[in-house]
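Here's a quick briefing to read alongside the model. Keep the picture open as you go.

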Amino acid sequence: MKKNLGTADRAIRIIIAVGIAVLYFTNVISGTLAIVLGILAVVFLLTSFISFCPLYLPFGINTLKKKRR
């Protein structure tokens, strides 16, 4: 797995996941919506921590800054 997530992309995903968690624990969302958003939040956190998003591969997206040599 080659990293393809930059710092800003990772931060945005973490913020969204935390926002979903806050909505769930304050009982703003519940039921099926809470389950779907919870799964999305877990995926966002996982991809943020490993800096790799498999959905970016088919589209050739890479938000990681290239290192200067």
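What follows is a short tour, grouped by topic.

This is a predicted model, so local features need pLDDT of at least 70, side-chain atom pairs count only at pLDDT 80 or more, and totals for chains, interfaces and linings use all residues. Residues are numbered from 1 along each chain as its sequence is written, and side-chain values use heavy atoms, with hydrogens and water left out.

**What the UniProt record says**

- An unreviewed UniProt entry lists residues 1-67 as "domain: Inner membrane protein YgaP-like transmembrane"; UniProt positions here follow the numbering used in this text, feature names are shortened, and annotations may be inferred rather than shown by experiment.
- In the model, the end C-alpha atoms of residues 1-67 lie 18 Å apart, and the span is 58% helix and 0% strand. Helices (H or I, at least four residues) and strands (E, at least two) are DSSP runs, numbered from the N terminus.
- The unreviewed entry also carries the annotation "transmembrane region" for residues 12-29 and 35-59.
- Residues 12-29 are 78% helix and 0% strand, with their end C-alpha atoms 20 Å apart.
- For residues 35-59 the end C-alpha atoms are 28 Å apart, and the helix share is 64%, with 0% strand.

**A salt bridge in helix H1**

- The count comes to one salt bridge, meaning a side-chain nitrogen of Lys or Arg within 4 Å of a carboxyl oxygen of Asp or Glu.
- The partners are Asp 9 and Arg 13, with their closest N and O atoms 3.3 Å apart.
- Both Asp 9 and Arg 13 sit in helix H1, four residues apart, which is about one turn of the helix.
- Asp 9 is buried at 14% relative accessible area, and Arg 13 is buried at 8%. Buried means under 20% relative accessible area, exposed over 50%, and partly exposed in between (1.4 Å probe, protein chains only).

**Helix H2: inside and outside**

- Is Ser 48 buried or exposed? At 0% relative accessibility, Ser 48 counts as buried.
- Ser 48 belongs to helix H2, residues 31-50. Leaving aside neighbours within four places in sequence, Ser 48 is in contact (heavy atoms within 4.5 Å) with Leu 5, Arg 10, Arg 13 and Ile 14.
- Leu 46 lies in H2 too, but counts as exposed, at 53% relative accessibility.
- Leu 46 joins Met 1, Phe 49 and Ile 50 in a nonpolar surface patch with about 500 Å² of accessible area together. Patches are made of residues with over 30% relative accessible area and no salt bridge, joined within 9 Å for like charges and within 5 Å for nonpolar side chains (Val, Leu, Ile, Met, Phe, Trp, Tyr). Areas come from the Shrake-Rupley method with a 1.4 Å probe, and for residues only the protein chains shown count as cover.

**One aromatic pair**

- A search of the whole structure turns up one aromatic pair.
- The rings of Tyr 24 and Phe 25 have centres 5.1 Å apart and planes at 75°, so the pair is edge-to-face. Rings of Phe, Tyr and Trp (its six-membered ring) pair if their centres lie within 6.5 Å; planes under 30 degrees apart count as stacked, over 60 as edge-to-face and the rest as tilted.
- Tyr 24 is partly exposed at 42%, while Phe 25 is exposed at 65%.

**Two positive phi angles**

- Most residues other than glycine have a negative phi.
- Asn 27 has a positive phi near 60°, and sits in the loop between H1 (7-25) and H2.
- Ser 51 has a positive phi of about 60°, and is found in the segment after H2.
- Asn 27 is exposed at 66%, whereas Ser 51 is buried at 5%.
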